[in-house]
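Here are some short exercises to work through with the model open beside you. Try each task before reading its solution.

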Amino acid sequence: MSALIAIGHDARRPPLPSTQNTILASLPTWHENVEYSNGHAVHNTMTTGYPRFFIHRSVQQLADICQKKFGFDGERCLPFPTHRTAEDGKKFIQAQALRFGKPSEVRVVRFCIKSPEITPSNFHETSQTVKSGPCHSASAEVHIIFFPAATYKVARQFWQNCGLGISSRYAEHCLSLLGVLELPCTQLAESLQCCGNSLSGKFNGLVLNSQDESALPYITGSDAKAALRRRIASFFVRDESSGSNVSEEDVFLFPCGMSAIWNAHQLLMGVRPLEKSVIFGFSYLDTLKVVERCGPGAIFYGHGRDSDIDDLDNMLARKQAESPLSPPILALYTECPSNPRLHTVNMPRLRELADKYNFLVVIDQTVGTFANVDVLPYADIVITSLTKFVSGNATALGGSLVINPRMRYYSQLKSYLTSQYEDTYFDSDAIVMELNSRDFMERMRITNSNAEFICDLLRARSIEGGAPSESVRGHVIRHVYYPKYVSRDNYEVCRRRLPTGELDKENGGYGGLLSLSFTSMKASDAFFNALAVAKGPGIGTAFTLSCRYTILCHSLELEWAAQYGVDATLVRMSMGTEDREVLRKAVETALRAAESA
């Protein structure tokens, strides 16, 4: 049952690992990136892709079954794991449809799957709130949002922005219970068997595929989640004398990184006065969308410069003077460093403003990773997409939310989230994530080294790095974005250190992500097309992965993105653990192609 993304395959460009539950899509040429971003027929040739952007075939198959059994003419549907997530989707769809002047009727159906036999008693519409997560045993529940077909694009926005939909493994579990998909017992987390194999200690970078899942040891979902929470807590720099270290009880797991962002936003709106939030710096696109669309709104400071902090300070002072009894904003969201420009904002100054004006700070350190940065001194909440560098294998989604025990609203945040927390992280996904993450720190040391080496090589060939100006034929790289060269002073403040304050020499690198901008689209296209690495949207894999970030993420707003330094020529590279010499040759070959163009 091995599957893969077989579009535009070329022997010169390595294909992506083949696995039924991969989260990657292969887009090896500039042309295919444009076709993908424009929603053209290339989607029909793909077998899988990033789950929030591409509905996995197993999820689509389950949705089709639900549509045939419960849908009305002119409707479409999407499946969610719990009643609450479906109700959140219903409210989102109705609000967004109304915003565009097209009121939409939306309904939620609860589908209880207990055996291959489906009878009227197996399902019914319900308004009952389900506090527990999806059942991971011999039964399952799916909560289906039905909406007019004309509203499908709005519904997909909720699926994409908030990351609350069911995973491919959960869909396969449901399909197996319905008797329409035969899975080996080893692929179901609740009945995994060792089959004589045992994995212990480091995971050694094993890339799971549909056959490899038979090698998983017998472990329950709850065991895997507990291990993940302990591991994440241990990543934070520990000062035993302070008595305020992160514990596993401060770590909350979610099905993906955007689900963690969504839940952080819901948490803040649940405990604080409702005001707009600030997005500081050019953040990942869906973070801005969640804050804009799912609450009072967003104030966007896309450059994230120190001068913007001055403007923010002035704005906050005015708002506080107008309403001295309430915080001027709800929260500030930022990244360390940002994706894709690898810019780090002035965290100490933002923390000072948060304390002065009584708002909370949420920092997404997915790109920096637990291995390289420590943002705890500046954050009330730390978000990480485990899907990326922590997993490394692109075979499972996951996200974490950590509440900082050192901040004054810790008890209030912890109490509220504990009472409202709904575990929607499917057991099988958690088990794969736990196994994938065992060698995370070791992988990051190699990734950091490779990325810095390649970045130094590229910067020496860039105009920004001292190469002759673009008027001189042959020099095509304009900028190299990497924390070593972009807002380095701000990044150094956040670099991982030992409890003594010294730099953690074993870890604490500049990360595995870098971006390039070129002097022309022709040079950018030639470089990307000739680059002999895996291609597709995503970061953090143990193998090098490159994509045309701006074309994929901002195809409908290129001018808007360009004003913040994210131009259409940008090529993003997530470095892997390959041999350094192999990577050097691949990059130099691509550079020669760009220079020839």
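**Exercise 1. Place S487 in the fold and describe its backbone and exposure.**

Solution. Start with the position: S487 sits in the loop between β12 (477–481) and α15 (488–494). Helices (H or I, at least four residues) and strands (E, at least two) are DSSP runs, numbered from the N terminus. Next, look at the backbone: phi of S487 is near 45°, a positive value in a residue other than glycine. For comparison, most residues other than glycine have a negative phi, and most peptide bonds are trans. Finally, check the surface: S487 counts as partly exposed because its relative accessible area is 21%. Buried means under 20% relative accessible area, exposed over 50%, and partly exposed in between (1.4 Å probe, protein chains only).

A note before going on: this is a predicted model, in which local features need pLDDT of at least 70, side-chain atom pairs count only at pLDDT 80 or more, and totals for chains, interfaces and linings use all residues. Residues are numbered from 1 along each chain as its sequence is written, and side-chain values use heavy atoms, with hydrogens and water left out.

**Exercise 2. Is T369 buried or exposed, and what is its phi?**

Solution. First find T369 in helix α11 (residues 369–372). Its phi is near 70°, a positive value in a residue other than glycine. T369 has 1% relative accessibility, so it counts as buried.

**Exercise 3. Find the peptide bonds that lead into P337 and P340, and give their geometry.**

Solution. Begin with the bond from C336 to P337: this one is cis, with omega near -15°. P337 belongs to the loop between β8 (331–335) and α10 (347–357). Now move to N339 and P340, which are also joined by a cis peptide bond, with omega about 20°. P340 lies in the loop between β8 and α10 as well.

**Exercise 4. How many disulfides does the structure hold?**

Solution. The count is zero, where a disulfide is a pair of cysteine sulfur atoms within 2.5 Å. Take C162 as one case: the nearest cysteine sulfur belongs to C294 and is 4.2 Å away, and C162 is in no disulfide. C162 has 0% relative accessibility and therefore counts as buried. For C174, the nearest cysteine sulfur is that of C66, 8.1 Å away, and C174 is in no disulfide either. C174 is likewise buried, at 0% relative accessibility.

**Exercise 5. Which residues does S58 touch, not counting residues up to four places away in sequence?**

Solution. Locate S58 in helix α2 (residues 57–70). With a relative accessible area of 5%, S58 is buried. Its contacts (heavy atoms within 4.5 Å) beyond four places in sequence are Q20, S168, A171, E172 and L175.

**Exercise 6. Where does the pLDDT stay under 50?**

Solution. Take the whole chain first: the mean pLDDT (the predictor's confidence in each residue, from 0 to 100) is 85, and 81% of the residues reach 70 or more. Over residues 118–136 the pLDDT is below 50, and this stretch has 50 contacts in the model beyond near neighbours in sequence. Residues 185–215 also stay under 50, with 77 contacts beyond four places in sequence. Where pLDDT is low, the predicted coordinates should not be read in detail.
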